[in-house]
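Here is my note for a colleague opening this entry for the first time. Please keep the sequence and the model side by side as you read.

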Amino acid sequence: HLDGTDPRAWAALIADERPFDIVCLTAGVSTYQHVVGGEIQNHPFERLTDDLYERIMSINVNGVVYGARAVIPSMVTRKSGHILVTASMAGIVAIPPDPIYGLTKHAMVGLVKSLGPALEPHGVCVSALCPGFADTPLVSELAREFAKQFSIGVMDVSEVGEMAIRALSERVPGSQWVVMQGHPITQYVPAPLY
């Protein structure tokens, strides 16, 4: 256990452990509790305080950056390793009820897209997991009802685990892997720009 938002905690962990082969950077929170079906807002930033913003950025972005920064040097030295970053479908599509959560997950997808090719020559792979609604404490009962109404569904976390195994097995640097309830695991490939 460590505070992933504390770079000193990462440094202490790395100093006390053998080098890692696989690292899953998966901590994440939403900006507010009960994002779906919560308090009615006039606009998305109506309730956004500095503390709420700093909290989500610290956990969802800084924690991943600090974790990756801590494990990459030994992976590069050994010319092996895989870092799995849990983003979200919210890193690929819009999430109007929580734009800051969307910001953090788009940041993770962007980080993986850029870091993957940068580390590939060093034998290190970086992939992003982009699941839809999974059965975690982040998904409230109201969100579950919302997901049912729109035929999105809430999948068992084991499906996210299977997606992680697929990403580790296929080892595509900078890749994003997506899965939603009732749909197969696929590698997300954006349309070409031109």
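**Notes on the fold**

1. Start with β2. Five of its five residues are buried, so this strand is largely enclosed by the rest of the structure. Bear in mind that this is a predicted model.

2. Look at β2 from both sides. H82, L84 and T86 lie on one face and are buried. I83 and V85 lie on the other face, and they are buried too. Both faces of the strand are thus covered.

3. Which strands flank β2? The open sheet has five strands in the order β1-β2-β3-β4-β5. Its pairing is mixed. The edges are β1 and β5 (186–188), each of which pairs on one side only. On average, neighbouring strands are turned by 30° against each other, with direction ignored.

4. Now the pairing itself. Strands of a sheet pair through backbone hydrogen bonds, in a parallel or an antiparallel sense. β1 and β2 are parallel, with four bridges between them. L25 has V85 of β2 as its bridge partner. β2 and β3 also run parallel, joined by five bridges. L84 is partnered by S127 in β3, and T86 stands opposite L129 of β3.

5. Follow the chain onward from β2. It passes through α3 and arrives at β3, and this β-α-β crossover is right-handed. Helix α3 lies across β2, β3 and β4 (175–179). Its direction is at about 155° to β3.

6. Next, the packing. The largest nonpolar core has 31 residues. L25, I83, V85, V126 and C130 touch the most other members. At least two residues of this core come from each of β1, α2, β2 (82–86), α3 (99–119) and β3 (125–131). The biggest giver is α2, with nine residues. There is also a second, separate core of eleven residues, with M155, V160, A164 and I185 among them.

7. C130 deserves a closer look. It is one of the residues that touch the most other members of the largest core. Setting aside neighbours within four places in sequence, C130 is in contact with A87, S88, M89, I92, V109, M163, Q176, W177, V178 and V179.

8. Where does I72 sit? It is in helix α2. Its relative accessible area is 14%, and because buried means under 20%, I72 counts as buried. Beyond its neighbours within four places in sequence, I72 is in contact with I83, L115 and L119. I72 and H82 are ten residues apart in sequence, and their C-alpha atoms are 9.3 Å apart in space.

9. Is T31 buried or exposed? T31 lies in the loop between β1 (22–25) and α2 (50–78). Its relative accessibility is 2%, so T31 counts as buried. Its side chain makes a polar contact with the side chain of D98, at 2.5 Å. Leaving out neighbours within four places in sequence, T31 is in contact with L48, L52, R55, I56, D98, I100 and Y101.

10. To retrace the route in the viewer, go back to β2. It pairs with β1 over four bridges and with β3 over five. Then find I83, which is buried in β2 and in contact with I72. Finish at T31, in its loop between β1 and α2.

How values were computed: Residues numbered from 1 in each chain as written. Predicted model: local features only at pLDDT ≥ 70, side-chain atom pairs only at ≥ 80, totals over all residues. Heavy atoms only, no water. Buried < 20%, exposed > 50% of the residue type's maximum accessible area, 1.4 Å probe, protein only. Polar contact = N/O pair within 3.5 Å; in protein donor to acceptor, adjacent residues only side chain to side chain. Contact = heavy atoms within 4.5 Å. Core = buried A, V, L, I, M, F, W, Y, C linked by side-chain atoms within 4.5 Å. Pairing = 2+ DSSP bridges. Right-handed = clockwise from strand over helix to strand, strands pointing away. Axes fitted to C-alpha atoms, helices over the stretch in contact; angles between N-to-C directions.
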